[in-house]
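Colleague: Could you take me through one part of this model in some detail? I'd like a close look at a binding site, and then whatever else you think belongs beside it.

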Amino acid sequence: MNHTVLPEEIIITDSKNLADNLSLSIYDRVFVLMDENSERYCLPVLDNAGALPASRIDICISEGEANKTLASCEKIWEAMMVNHGSRNSCLVALGGGVICDLGGLAASLFKRGIDFFLIPTTLLAQVDASVGGKTAVNFHHYKNQIGCFSAPKEVIINPDFLATLPKRHMIAGYAEMLKHGILSDQQHFETLITLQEISADKIAPFIWPSLQIKAATVQEDPFEEHLRKALNFGHTIGHGLESWSNSTKENALLHGEAVALGMIAELVIAEELFENSTLVREQLENRFEGIIRCSLREEDFDGILQFIAHDKKNTAEKVKMALPANENIAINVEVGQDMIIKALKHLVGFLSK
Ligand SMILES: NC(=O)c1ccc[n+]([C@@H]2O[C@H](COP(=O)([O-])OP(=O)(O)OC[C@H]3O[C@@H](n4cnc5c(N)ncnc54)[C@H](O)[C@@H]3O)[C@@H](O)[C@H]2O)c1
Ligand SMILES: [Zn+2]
């Protein structure tokens with residue numbers, strides 16, 4: 001068994017030098033997985049740089065979380081079968097977290113596993129989803145239920161791709177960067193929370209430090225037995241909100257937006273349990289007020305609680321969270337429903353400001 005889930009290399013580069021960092025000549029077939037946006041905005045950049053072989057086979061999946069499914073995996077496998085993919089083929093996933101998660105899983109299962117490369121094109125995927133070896137698809141509206149740990153050969157980060165990323169998606173990735181700061185680097189958090197503007201230019205210098213925080217945590221605890229659980233901060237309530245909004249709303253919350261709200265809610269709980277200062281939560285609230293929108297009412301709580309209970313980190317009754325506890329992170333903190341409801345009520349107030 002591969003005991004690392006980190007790629008052999010994580011490379012940060014720019015549009016001009018993409019070809020130098022992608023060695024695909026050893027493969028009999030190169031499959032490139034994209035969605036319509038990464039095909040439109042990012043594939044031409046790779047082509048201009050001469051980073052992909054002319055014989056490569058493109059596979060395009062419709063964009064969005066709703067397509068992170070086994071049905072999309074089947075579509076990928078069909079394209080690979082029809083085009084004579086073999087154990088010596090590879091898959092390049094060019095896109096956001098959806099394409100990275102989906103491509104990683106499809107490649108890991110095809111012919112019992114072929115090499116795959118991740119070229120993340122959203123901020124969230126660059127600082128988070130592409131590093132850590134977790135692949136997955138959603139199942140019956142529940143997040144990431146079917147997946148495996150599997151390391152890509154390489155992860156190639158090109159911050160230039162962010163120039164075309166819609167603002168909402170910049171904010172979603174920024175939320176995960178803030179999480180990294182809260183968990184292990186107060187200076188990273190302070191720098192990010194005080195940025196004047198959440199734009200590609202202003203954020204670019206902090207991509208590498210942010211993904212290093214994730215990579216270091218993963219290296220220490222690849223299979224999420226202890227330390228890596230800290231990265232779930234904001235994600236217990238966050239996943240509940242994300243799954244609920246995806247199953248009920250047209251304008252669903254993005255993963256990173258749900259995590260931002262999840263961090264605020266979980267900090268309310270942490271303040272109660274550990275008597276933390278309220279400062280970080282207030283800084284998050286000031287930053288995200290009016291930026292993250294979601295109509296949340298008390299009638300929605302039952303649905304959200306059901307999704308939280310089904311999250312893969314929880315057993316039937318016990319909801320476990322990773323929570324900042326003063327200078328540390330407490331993991332596996334068992335939190336009762338009454339506290340979660342209190343935190344959700346706080347969010348209702350925050351979102352109606
Ligand atoms: N594996 C992990 O460790 C991990 C960690 C965090 C998140 N995730 C997963 O990542 C997913 C969210 O990722 P995401 O936020 O990147 O979503 P996404 O992949 O849906 O991308 C967001 C949107 O941006 C578009 N897009 C991508 N690159 C673009 C570009 N350069 N210019 C313009 N548009 C572009 C996409 O088509 C999509 O519409 C979730 O499914 C989440 O569960 C996984
Ligand atoms: Zn996340």
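How many nonpolar, polar and charged residues make up the shell around ligand 1?

Modeller: Sure, and bear in mind that this is a predicted model. By class, the shell around ligand 1 breaks down into 8 nonpolar, 9 polar and 9 charged residues. That shell holds 26 residues, and the closest ones are Asp35, Glu63, Glu65, Thr122 and Thr164.

Let's go through some polar contacts. Asn37 places a polar side-chain atom 2.8 Å from an oxygen atom of ligand 1. Lys68 also uses its side chain, with an N or O atom sitting 2.8 Å from an oxygen atom of the ligand. With Val98 the backbone is involved: one of its N or O atoms lies 3.0 Å from an oxygen atom of ligand 1. As for how covered the ligand is, ligand 1 on its own would expose 870 Å², and the protein buries 93% of that. If you want to find the shell by secondary structure, the elements giving two or more residues to it are α1 (36-41), α4 (97-109), α5 (123-129) and β7 (142-149).

Now for the other ligand, the zinc ion. Its protein donors are Glu176 through OE, His235 through NE2 and His255 through NE2, at 1.9 to 2.1 Å from the metal. Along the sequence, the spacing of these donor residues reads E-x58-H-x19-H. His235 belongs to helix α10 (residues 235-248) and His255 to helix α11 (residues 255-274), so the two histidines tie together parts that are 20 residues apart in sequence. What about their exposure? His235 has a relative accessibility of 7%, so it counts as buried. His255 comes out at 18%, and because the cut-off for buried is under 20%, His255 counts as buried too.

Next, the cysteines. Searching the whole structure turns up 0 disulfides. Take Cys73, which is in no disulfide: the nearest cysteine sulfur is that of Cys148, 9.6 Å away. Cys73 is buried, its relative accessible area being 0%. Cys100 is likewise in no disulfide, and the nearest cysteine sulfur there, from Cys42, is 11 Å away. With 3% relative accessibility, Cys100 counts as buried.

There are also a couple of backbone angles to check on screen. Arg112 has a positive phi of about 65 degrees although it isn't a glycine. You'll find Arg112 in the loop between α4 and β5 (115-120), and at 78% relative accessibility it counts as exposed. Glu224, another residue other than glycine, has a positive phi as well, near 60 degrees. Glu224 lies in the loop between α9 (207-220) and α10. Unlike exposed Arg112, Glu224 is buried, with a relative accessible area of 13%.

One last residue before you go back to the ligands: Glu285, in helix α12 (residues 279-288). Glu285 is buried, at 7% relative accessible area. Its C-alpha atom and that of Glu190 are separated by 14 Å, with their positions 95 residues apart along the chain.

Terms used. Residues are numbered from 1 along each chain as its sequence is written. Chains are lettered from A and ligands numbered from 1 in the order in which they are written. This is a predicted model: local features need pLDDT of at least 70, side-chain atom pairs count only at pLDDT 80 or more; totals for chains, interfaces and linings use all residues. Side-chain values use heavy atoms; hydrogens and water are left out. Donors are N, O and S atoms within 2.8 Å of the metal (3.2 Å for Na, K and Ca); water is not among the atoms, so sites may look incomplete. Helices (H or I, at least four residues) and strands (E, at least two) are DSSP runs, numbered from the N terminus. Buried means under 20% relative accessible area, exposed over 50%, partly exposed in between (1.4 Å probe, protein chains only). A residue is near a molecule or strand if one of its heavy atoms lies within 4 Å of it. A polar contact is a pair of N or O atoms within 3.5 Å; within protein, one must be able to donate a hydrogen and the other to accept it, and residues adjacent in sequence count only if both atoms are side-chain atoms. Accessible areas come from the Shrake-Rupley method with a 1.4 Å probe; for residues, only the protein chains shown count as cover. Ala, Val, Leu, Ile, Met, Phe, Trp, Tyr, Cys and Pro count as nonpolar, Asp, Glu, Lys and Arg as charged, and the others, Gly among them, as polar. A disulfide is a pair of cysteine sulfur atoms within 2.5 Å.
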